[in-house]
Structures are given as C-alpha cells and as structure tokens.
6 protein chains.
Amino acid sequence: MPEDLLAKLRAAPVAGLSAQLRKRGLNNVTVDGVRPLVPSTKLVGPARTLRFVPNREDLFDAHGAGYNVQKRTFDTVEAGEVIVIEARGDTTAATLGDILAIRAHARGAAGIVTDGAVRDADAVAAVGIPVFTGGAHPAVLGRRHVPWDSGITIACGGTTVQPGDIIVGDSDGVIVLPPRLAEEVVDAALAQEDEDAWIAEQVAAGNPVRDLFPMNAEWRARYESWRQKR
Amino acid sequence: MPEDLLAKLRAAPVAGLSAQLRKRGLNNVTVDGVRPLVPSTKLVGPARTLRFVPNREDLFDAHGAGYNVQKRTFDTVEAGEVIVIEARGDTTAATLGDILAIRAHARGAAGIVTDGAVRDADAVAAVGIPVFTGGAHPAVLGRRHVPWDSGITIACGGTTVQPGDIIVGDSDGVIVLPPRLAEEVVDAALAQEDEDAWIAEQVAAGNPVRDLFPMNAEWRARYESWRQKR
Amino acid sequence: MPEDLLAKLRAAPVAGLSAQLRKRGLNNVTVDGVRPLVPSTKLVGPARTLRFVPNREDLFDAHGAGYNVQKRTFDTVEAGEVIVIEARGDTTAATLGDILAIRAHARGAAGIVTDGAVRDADAVAAVGIPVFTGGAHPAVLGRRHVPWDSGITIACGGTTVQPGDIIVGDSDGVIVLPPRLAEEVVDAALAQEDEDAWIAEQVAAGNPVRDLFPMNAEWRARYESWRQKR
Amino acid sequence: MPEDLLAKLRAAPVAGLSAQLRKRGLNNVTVDGVRPLVPSTKLVGPARTLRFVPNREDLFDAHGAGYNVQKRTFDTVEAGEVIVIEARGDTTAATLGDILAIRAHARGAAGIVTDGAVRDADAVAAVGIPVFTGGAHPAVLGRRHVPWDSGITIACGGTTVQPGDIIVGDSDGVIVLPPRLAEEVVDAALAQEDEDAWIAEQVAAGNPVRDLFPMNAEWRARYESWRQKR
Amino acid sequence: MPEDLLAKLRAAPVAGLSAQLRKRGLNNVTVDGVRPLVPSTKLVGPARTLRFVPNREDLFDAHGAGYNVQKRTFDTVEAGEVIVIEARGDTTAATLGDILAIRAHARGAAGIVTDGAVRDADAVAAVGIPVFTGGAHPAVLGRRHVPWDSGITIACGGTTVQPGDIIVGDSDGVIVLPPRLAEEVVDAALAQEDEDAWIAEQVAAGNPVRDLFPMNAEWRARYESWRQKR
Amino acid sequence: MPEDLLAKLRAAPVAGLSAQLRKRGLNNVTVDGVRPLVPSTKLVGPARTLRFVPNREDLFDAHGAGYNVQKRTFDTVEAGEVIVIEARGDTTAATLGDILAIRAHARGAAGIVTDGAVRDADAVAAVGIPVFTGGAHPAVLGRRHVPWDSGITIACGGTTVQPGDIIVGDSDGVIVLPPRLAEEVVDAALAQEDEDAWIAEQVAAGNPVRDLFPMNAEWRARYESWRQKR
C-alpha cells in the first residue's frame, strides 16, 4: 500500500469512510460485534485472511495441533498487513493469545481483527499491536475451532473480507474497503471531514443544523470562503 | 421541571428510584441494554421522544433525507430535555453523530438516550452532553432506520417512554419516572439512601445484615437517634 | 485452602489453568459472560453457592422477603470463600447491591461471581472485593428472581459449580477447578507460564513460532539451559 | 382495492412479489418471524395497523382495560382489510384470542398478521380467517403489552407497515407492497411465474439451468413460441 | 389428585387458567419455548421434577453413566405424575429418548415436559404419552448435561416448578398451577370459558365486542337468562 | 457409495449414529437448527458443499448474477450426492427455490441441507427430494448472500462438512459421518438399534430400565437367547 494512501486512511474516521461507501452503494461492509482491546485504537492495512471452522473432533486431531495454519499465518504475515480471522462470531474460545500477537507485532503486522475471542487479553493489549476482538476467553481455540485455511475470502462479523481488502478500524468499529475504491473513498471522506469539522464549529456556536447539515448554497459559500482563507 | 426536583433527582441513585417504583407496583420502567459513553455519567430530564422505523427503501427515499424529523428534533429540543430515541434495539447503524450531539448540547439539552448506536463515538463522548447508547457503529441511520416521528409515546430498551416522562440515568442504567410520581419517589429514594448509607457503615463495621437490612426496631431506634444528632 | 496453593493460584493466569484442564479432558469449566467490575481484578477461592429461581409471584411472596437465603449466605460466607450465584444469565435484575458486597468483604470473602447483574455498581466496585458479573441493573432481585437455596451444585455462566470448587478469575474470564486437580493443574500452569514467558521473549526477538511454540528439542534444550542458569 | 388486483395478488406467490420488489430496489419489505396458523394459507389485503407498546404497569392501568384500542380496531376493521400488529417480536404474551379473531372474521377482514403471539391458537385456527403469527402463548396481552394506538405507521417483523400498504402472505412468509407499486409488481410477478413454470418443466425434463434460468435468447424464443401457442 | 379436579383441568384451556392466575397476581407461571410433539395434545398432572446441570466432563464421568438420576426418576414416577425437566433451555442435546418415554408411559405417568430436546422424536411421539419439548436432537444428554437431582424446585422454560405443582399443557403452551389455587382457578376458568363461548356466539352472529367482551349489565342479563334456561 | 452401506444408513436412525460417534469421541457432528420440509423425511448421501458469504454489494455485482456457483453446483451435482449449503444460519433470505430443487432431483441428488432458508417452500416440498432447511423466506439469496465457492470444507449449522462426508438426516436432525468411520458406525448403530428395540419391548411390558438399559449380564443373556432364536 502506498504510504500516502496509508496516511490518509489513518487520518480518516471509519464513520466517514462508511458514509462514502454507502454513497457508492456499499452498506454491508462493516465487521460488527468487535471492539479494540485498547480504547481509541486506530488500525489500517490490507487483509491477510484466516478461517477457522467449527470444532469437529476428528478434524481437530488432524489439523489442530502442531504447526497449523493459524501459526503459519502469524509466521508469514507481511509488514503492514492486518490478520482477519473468521471465527463465526463464537467468543467462547480464543482465536489467538499473547505469543501470536507478539509474533504478528514482530513481523510488523498492522493489526488483528477477529470475530472470536482472545486469551491473555491483558498481555495482548500490552503488546502494542492494534487488536479488535469479540471479547476475551481463557480457552484455547480447539474448544470451538479447527484452524483451516488462509488466503481465501472469509466471512467476519457479518461482512465478507477478501485477501487484500483494506481494513480500517477505530472506536466506531471496523470497515472493509475494496482496494479499487480506497483512494476515491478516503479522499471524499477527508473532504467531508473537513466540512463536518467546520459545520460542527458553526453548530457549537449556536446555529441550527437546518440549512447547515447538509449545507445550503449560502452556508456552502461561507464554508468555501473560509476554506480558501485557511 | 422545578429546580429542586432536578437537584434531588441528580442526587438520587437510579437503583434507589427503581426500588421505590417497584414498591408502587412499577417493575417495567428501565431502558435496558444501554450504557453511558462516559463512565459515571449522571443524566436527568424530561423526555423528548423520537421514533425511527425499520428501513424500507421507498420510505427512506421519502422521509430519510434533508431536514428530516431527526434533525428537526435536535434543532428544537428544549433546555433540560432528554432526547429519547426508539431504534428497536438495533445497534448496527448509528442514530446520531457528533454534529447532532453538539446541537443538542448547544440547545442545553440534558442528555440523549438511544437503544440504537452512535457514530463518531469518541467525538460524541467529548461533547459533554450525557449520552446513553446501545453501542457504537460507523454507519449512518439509513442503513437500518427511517426517521419517522417525534413527540409520541415510544418503546425504548424494553420499556415505554411518553413525552415528558422523567428520565434518570447513571452507572446502573436508565429509568423512566412517570411525572406524577417523581416527587414522592425521589423523596422516598433519598430517605432510603440515607438509611442505606448508615446501614452500610454498620455492615462495614462488622455487623450482620440480619435485623439490619431491613432494620428491626432496635436498629431503627439507633438509626433515628443518629439521624437526629446529625 | 492451603496458603501456598492460594499463592500459586493467584500467580497463575486463568488462560493457563484452562489449557491444563483441557489437557486433562475438561473443556466445559468456564463461567462465560461475566466480567470484573474493576479491570485487571484477580479472584481466587473456594465456591460458596447460591441459587436463584425464576420469579414466580407466589414463591417470591413466601421466600423473597426478610432474612432470605441470599442474605443468610452473605452473613455466613467464610473468609476466603467466593460466593457464586446462579441467576440463569438473566441480567435484567440485580443479584446483589453494595450492602451485601460490603458484608461479604467484611467477612473476608475472596470474591463474588454472578451470571446475573449487580446494582449500585459504582459503589460495589469501590468496596474492594473482586466481583465478576454479567452487567449492571438498577432493579432489585425480585424483578426476576426468587432467592432459593445455597450450598447445592448450581449452573453458572454455562458450567456447573459445586460447593468447594476452586474459582479463579482474571481479565480472560472465570474458571472452575475441581479441588482434587487444583495442585496438579496450577503447578503445570505455572511451569507452562514460565516456558511461555521465555518463548514470548524469543518471539519478541524475531524468532518464528515454528519449532518454538511448542518447542522442538533444540529450543527446549536452550530453554532448559536458560532455566537452570536462572 | 379493485377486485382484479386482488385476484392477481391471490394468484401471485410471495416469493415472486419479493423478487419484483427487489428489482425495484426494495429489499426490506418482509415481515419476518411469522408463520400461518394453518399451513398453506394465502392472505391478501390492505393494512389496518395496531401498535402495542411495552407493558409499563401505570400505562396498562390507564390504557389496557375496557374498550381499548385493540378492541376498537377489531370492531371497526373494514371488509377486506388485514389487521397488522406491532408487538416488537415478543411472543411471550398473546396479542389476540379467539373472540377477536371471530370479530375480525365477522366483519369480513381478510386476515391478521402479528409479530407477537396468539392465545386460543386451536380455536383461532378454526375460525377461518388467515392468521400469521410469531407463535402461540396462553397469556393475555397485558403480560407484556399496552394496546396503544392504531392507524399509524408501525414496525412489524423487521419491516415498516403503513396503513393501506398491501399485505400478502403465503407459506414463504409475509410481504408489504407499497400501493403505488402493487399493479406493476403483481403483473411482473405473474409474468415471471408463467416463465418460471415453463422453465421448471424444462428442468424437470432434464435440461440444465445453464442458459435456461435465466433464459438465453434461444430458450426465450422457444418459450415465446410455446406461450403464443397456449 | 382428586379425579374431579383432574377432569376439570382436562376440560379447561391453558389460556383460561393463565387469565385466572393473572387475576390473582401470578404472571410468571408459563413454561415458555416448548411445544407438544403431537399437535392438540392435552397434559395434566402434578410435577415430578428432574434437574440437569451443564456438562462438566469430570461430573459427567461420576454422575452421568449407569443407573443415574434420570433413569431412577423414570423408573419411579408415579401414575398420573408429569416429569418436568430443567435443561436450561438447551436444545442441542436430548433429555430423553423412546425407551424412557415408554417407561414413563408404562408407569402411567401423565406426561413429560422438558425445556431441552428429545431424541427418537418420531418414536417418542408414537408412544402415546403427552410430551412437550423444546425440540428434537439426536445427541444423548451427555453432550450438554449431567443428570443431577430430582424432587427439588427447578427452573423450566423461564418459570419455577416445585414438586407437586400442577402442570397443564395444550396447544397454547404449558402452565404451572400452585396446588392450593388449583380448584379455585380451574372453577373460575371453566365459568369464564362458559361465558366466553356464549360471547363468541354473539360475536360470530355479528355483534361488536364493545359492551360484550367484557359484558356490560345488559349483555350479562341476557347471558344469565340463557344460562339458566340451558 | 456402496449400495449396501447406503441401505444400512437408510435403516439407521440419526440418534443411533450420533450415539456411536460419541462413543468414538465425536460430539460436534450435527447440523443444528434445520428441519425437513416434509415430516418424517430420511436423507442419506455424500456431501457436495456450497458456500455463501455475506452480501457485500460489490461482490454480489461480480459474483451473484448469471451462471453463478450456486447454479453450477446444482447443474453438476452427481446422483446420490447431498448438496450442503453454508449460509451462516441466516434464514432471512432463501438459498434455493423450486427450480434448483427440481434440477437437483432431476440429476438424482439424494437431498439438500441448508442452514439458510428456502423460497417456494410448498413447491420445493412437492418436488420429492429430501430438503432440510432453517426455514422458509420469500427473498432471493442476494438479499443476504453472495454465492462464492463449492467443493471446499464448510461450516453448516454449527459443525463442519467436508466434500464427501456422509450426511444422514431424519426427524431428529442431520448428522455428518466421516467416511472412514461410516461402515463401523452404522453397523454398531444397527446392532444397538436391534438391542434397543428388544429393550423397548421389555420396558413396554412393565420392566424397569434398571439393569435393562443398559443391560446387565442376566438381561443380556436373555436378549442373546432371543436374538439367536429369531
């Protein structure tokens, strides 16, 4: 990902990206039910996907132990990538713990999103890598999951994530940006953010939202005039 | 609302008001599933109601855009009022964002309660107006809701709220006080709070709750004696 | 409980105990859906059980008021014990408030676990006794529950708790240790914790988890060598 | 409603109407979670709405008893209308029983849709009026609901229903047709149904769905030829 | 149970009993979420309780196998009794199968109510004993449950059942009658049923529910006159 | 699949197969939440898998229309196979309708299992192919799903299904048999079924389940003697 796109995405609120995607017909693009382990975390990066399937004891015996696909994914995640895990929203077993979070951090990964749980939650929070999760649970993944495959299109938190999709998270939640729309959407979101900040000032000063949010011609003229002076 | 009633309600814990309402036969008076955006927030004021209905695309086209009833409500909320929003407990779209929160704050509103979500959650938390919500979500309301009407009786968080009902919120949750009971209930709650604080001291000192919680005649005599000395 | 077992349990993370129990065939031993009122709380002690049944008005009239089994349990809890409450996961009424929390604290109880809610949540959090709960709610227990019996085997948060079972809680959740396994499990968990801390250091230093987590012979030799030097 | 429109709607499957509404951008138009009391029931008619709000004991005392809005609605429903009830999907209390079902039937109502429950379910099923419901429950409505108002826009089963909207139900579920689209949509649905029936015959005869569903030019030519011969 | 009380309870609809209990202040007396395996089943009898706790592998090893409390309960149920099973509403494992249903039938039991599932559902339905259940599932109980104790007060389907409580089930659901109220409640329900049947006839004949449901003085006079002639 | 294995599986109840799998350590092998469209349906065959991912509008545009993977799967299903569909348990959109069911039937498929919904439910039920589903819904799949891939391991109803796994369904539910265990498990289930039928006769004749279920040495001797005479 180009550094300037990254910088813009780091500056853009998820709510603003969501509004721009909706304008382009994309409503079902949020990973719902996850929260950052550390409040006010920002996360940006392309998705590296990992899929868990429901624990069936015979499959866990064959695929769960040893150097499984979960561990291989954390060992090979590239700098800047976000590991996104499909755990079917089941938060009664962990999908990673502190050692894997440390590994992802050491490889320079940009973050982790899982619609399952994490274990060692305090330790994971302390690692310094952004983690968005459905909750904390002490059990290892084998209680509910078999690590199955990576690098395929997955479901996570009610939306679909493809490898390479751009993942952005903040206090409002996590959103999935199709890469071909990223530049256009983030530019529009930042422009709107600029407008909204100015509108917020006018509203804080006592103006009604009527005619201002969205702006009518008169308010827009004032805004443009202010913007050019800036 | 009379200032002294307000002052008493600000001093009374929601748990105490709940106990007094239950004594008067009212059990289903709590807005469940909502939490304050900022911990240890207190909220008190009469309800200004706003109802969203499920997003049906043809209705959203006709009622969702422009200066809709959501915006009109925030533009006309009176000082001291609490905006209460029916969103059917659906937290997968926002029911307000920072600009509307700023507007409510600028108008002197006493708070906002929604059983849906908020967007721009960090910014909304920073505005300074008490907000109790079902969660945070980046999407605008049109993802799930059509803003429909205001000033009517609504359902919120499993109870019913009428315009003018007194809303009180704290860390335990949000409660709805029928106005005609407010004075009586808050007085009883504060008196009970006084008793409970004294009981808490006795229990902290090692006394059993037996005979003390509730108090038998002997303990009550001691309490009354202490209270008169105070 | 022997003091040294207690000390070891206080040092052992719940995630580590969970992994050791799973190795011994116990997967369904966590109280799910509860969180500590105060972040980063640790809780350890043998269970004192208390069961609530669903509110049936005639039973509440006969068993709910006065010096009921809830109050008797808090008045008789022994130093070091953890009160564990079955509330069927219903968090729309409280299962205790500040006065009972103070009473448990005054008796030296080691903590409280409830899959229902607490009222006076801020006050309860301030008492200083570890409390893990399904949430906060202002209503007294009679809204949903009849206090029924204590000292029997109960269901709590999806697992079963017997009087005397050892309860351990931290940020990852709450686990139930059968007493006969406690010593063996905590020793194994602490040993594993020791290993994992060393592994975490190697991973933080850039080593892959491959061959290290779990360790192959070569890494184990290095670990043993380090451990003996320590 | 014109008799020929009614006739066409009675002939059109809900699945076909749903597909046509989706083609016109309407996806959120189904009342989900309801089933007919009697299998293979068809229901068609304009909506007469009725809203229940959550039981708050003081409001029930004032609005629940006597000749309340529920009874007034059943007493005044017009021939051909479908009573649609908002009960917030709560099926732990009834929203009507046999006497009201008989009254609606006697007035010539075309059916009843409720996202709450019915009591006297066997007797209601025997009345002969189509009833779609979230389930059966013995309790009267006051257990969970206060009958509140009628003739307003309501939420039912996850969609929005306006008075006069056309309601159509069959074994697949219940759909809401905006009146201005009804003629166009039903005509398109019946035409598609005609095509689909012919396609079904070809598929039953062993043809692949490829090129046939939807039809390519060659298959369409055959279909048109068949249709003209018919 | 006296035979004439039984006969009256068999004639009384659950909905009517529910209404009478509500008049006496009892709202939370229904076992929700269960349906009869065979449509239009009637069930009446005093409760014989059986409690399952969540499967904890060590407890199942000690209590699950052999001649456990589940089997002992079915072997000792008395003629006319209804076995009521607490399974915490978990329908992902069975709580009985055909052999136990046959045993209960052979002992003359009046029925079985479980808020868990049954296995061998078709075979159980064929036995001829009334069974109300949360669903069908092929797994044996050990998948989710440990059979624990019997003859104690239990929770089932959201209400509380004491040994000896009178259980009545029909198509509307299952209700719990405290024995001391049974005679009074069933008499009142049958009297009301008589009234309601007459009212239903008047409504079927085209009369409005106004003044009739409930009856005003004039209608009551007509009803009394009719009743005396009968 | 060998014809004699098929015949044995058709004779074996799912409950019996479940018990045998549990004896071999497999508990999480049932597709939960699905029911046959036609009561008392039996379904047996190897799985042909099909995966839907959550509807993201941009992905639906690219993958949803035309001759998509859903249609290709139904066009290429082999005689005797069971199509198993992952729809994440979302029953608010259909995953197939009558034309695809006819196509599967025409190809000789042994059945369809979906944890989503079907549309044209009455018509699908009439086709004659066994269908187990989470419910009926009129909407086409695009309301919630993008048809994504087939022939991969999927999650369905809480368990995992691999292509070629043997699927068996009856009134108790649907189970997944790993092929390498099929012969052994079905033989054991049929043998147990034989025993259980004999036990059921003894219990129907008035014998207690004690010593009989499971059988002690004495009962087993009688059973063996009966079995040899047969």
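Leaving aside neighbours within four places in sequence, B:Gly16 is in contact with B:Ala189 and C:Arg119. One partner thus belongs to chain B and the other to chain C. In this predicted model, B:Gly16 is part of helix 2 of chain B, which covers residues 14–23. Its relative accessibility is 14%, and because buried means under 20%, B:Gly16 falls into that class. There is also a long-range relation to look at: B:Asp196 is 180 residues away in sequence, yet the two C-alpha atoms are 9.8 Å apart in space.

**Helix 2 of chain C**

Chain C has a helix 2 at residues 14–23, and here the whole element can be described. Of its 10 residues, 7 are buried, so the helix is largely enclosed by the rest of the structure. Which residues of this helix are buried? They are C:Val14, C:Ala15, C:Gly16, C:Leu17, C:Ser18, C:Gln20 and C:Leu21. The cover over them includes four elements of chain C itself: helix 1 (3–11), strand 10 (166–170), strand 11 (173–177) and helix 7 (179–204). Just past the end of helix 2, C:Gly25 adopts a positive phi of about 90 degrees.

**The annotated positions in chain A**

The UniProt record, an unreviewed entry, lists A:Gly97, A:Asp98, A:Ile99, A:Leu100 and A:Arg119 under "binding site". These positions are spread over 23 residues of sequence but cluster in space, with a largest C-alpha distance of 10.6 Å. The unreviewed entry also places a "binding site" feature at A:Asp120.

Three of these annotated residues can be followed further. A:Ile99 sits in helix 5 of chain A, residues 98–106, and A:Leu100 belongs to helix 5 as well. A:Asp120, by contrast, is in the loop between strand 5 (111–114) and helix 6 (121–127) of chain A.

What do these residues touch, once residues up to four places away in sequence are set aside? For A:Ile99 the partners are C:Asp196, C:Ile199, C:Ala200, C:Val203, C:Val209 and C:Phe213. A:Leu100 touches A:Gln70, A:Lys71 and A:Phe74 in chain A, along with C:Val209. C:Val209 therefore appears in the contact lists of both A:Ile99 and A:Leu100 under the contact cut-off of 4.5 Å between heavy atoms. A:Asp120 has A:Gly97 and A:Asp98 as partners in chain A, and C:Ala15 and C:Asp172 in chain C. C:Ala15 is one of the buried residues of helix 2 of chain C.

The table gathers the relative accessible areas of the three residues.

| Residue | Relative accessible area | Class |
|---|---|---|
| A:Ile99 | 2% | buried |
| A:Leu100 | 3% | buried |
| A:Asp120 | 17% | buried |

**Where chain F meets chain A**

Turning to the pairing of chains F and A, 29 residues of chain F are in contact with 29 residues of chain A. Together the two chains bury about 2100 Å², with 49% of that area on carbon and sulfur atoms. Which three residues supply the most of chain F's buried area against chain A? F:Arg56, F:Glu57 and F:Thr160 do, supplying 28% of it, more than any other three residues.

Polar interactions are found here too. The rule finds 15 residue pairs in polar contact across this interface, both residues being at pLDDT 80 or more, and 2 salt bridges are counted between the chains. One salt bridge joins the side chains of F:Asp165 and A:Arg56, with N to O at 2.7 Å. On chain F, at least two residues of the side touching chain A come from each of strand 3 (43–54), helix 3 (57–63), strand 8 (154–156) and strand 9 (159–161). By type, the residues on that side divide into 12 nonpolar, 9 polar and 8 charged.

Some chain pairs do not touch. Chains A and D have no contact, their closest C-alpha atoms being 11 Å apart. Chains B and F likewise have none, with closest C-alpha atoms 13 Å apart.

**A loop residue in chain F**

Finally, F:Thr41 lies in the loop that connects strand 2 (35–36) to strand 3 of chain F. Is F:Thr41 buried or exposed? At 12% relative accessibility, F:Thr41 counts as buried. Its side chain reaches the backbone oxygen of F:Val38 at 2.4 Å. Not counting residues up to four places away in sequence, F:Thr41 touches F:Pro36, F:Pro130, F:Phe132, F:Gly169, F:Asp170 and F:Ser171.

Terms used
Residues are numbered from 1 along each chain as its sequence is written. Chains are lettered from A and ligands numbered from 1 in the order in which they are written. This is a predicted model: local features need pLDDT of at least 70, side-chain atom pairs count only at pLDDT 80 or more; totals for chains, interfaces and linings use all residues. Side-chain values use heavy atoms; hydrogens and water are left out. Buried area is the accessible area (1.4 Å probe) that two parts lose on being put together, summed over both. A salt bridge is a side-chain nitrogen of Lys or Arg within 4 Å of a carboxyl oxygen of Asp or Glu. A polar contact is a pair of N or O atoms within 3.5 Å; within protein, one must be able to donate a hydrogen and the other to accept it, and residues adjacent in sequence count only if both atoms are side-chain atoms. Ala, Val, Leu, Ile, Met, Phe, Trp, Tyr, Cys and Pro count as nonpolar, Asp, Glu, Lys and Arg as charged, and the others, Gly among them, as polar. Buried means under 20% relative accessible area, exposed over 50%, partly exposed in between (1.4 Å probe, protein chains only). UniProt positions are given in the numbering used here, feature names are shortened, and annotations may be inferred rather than shown by experiment.
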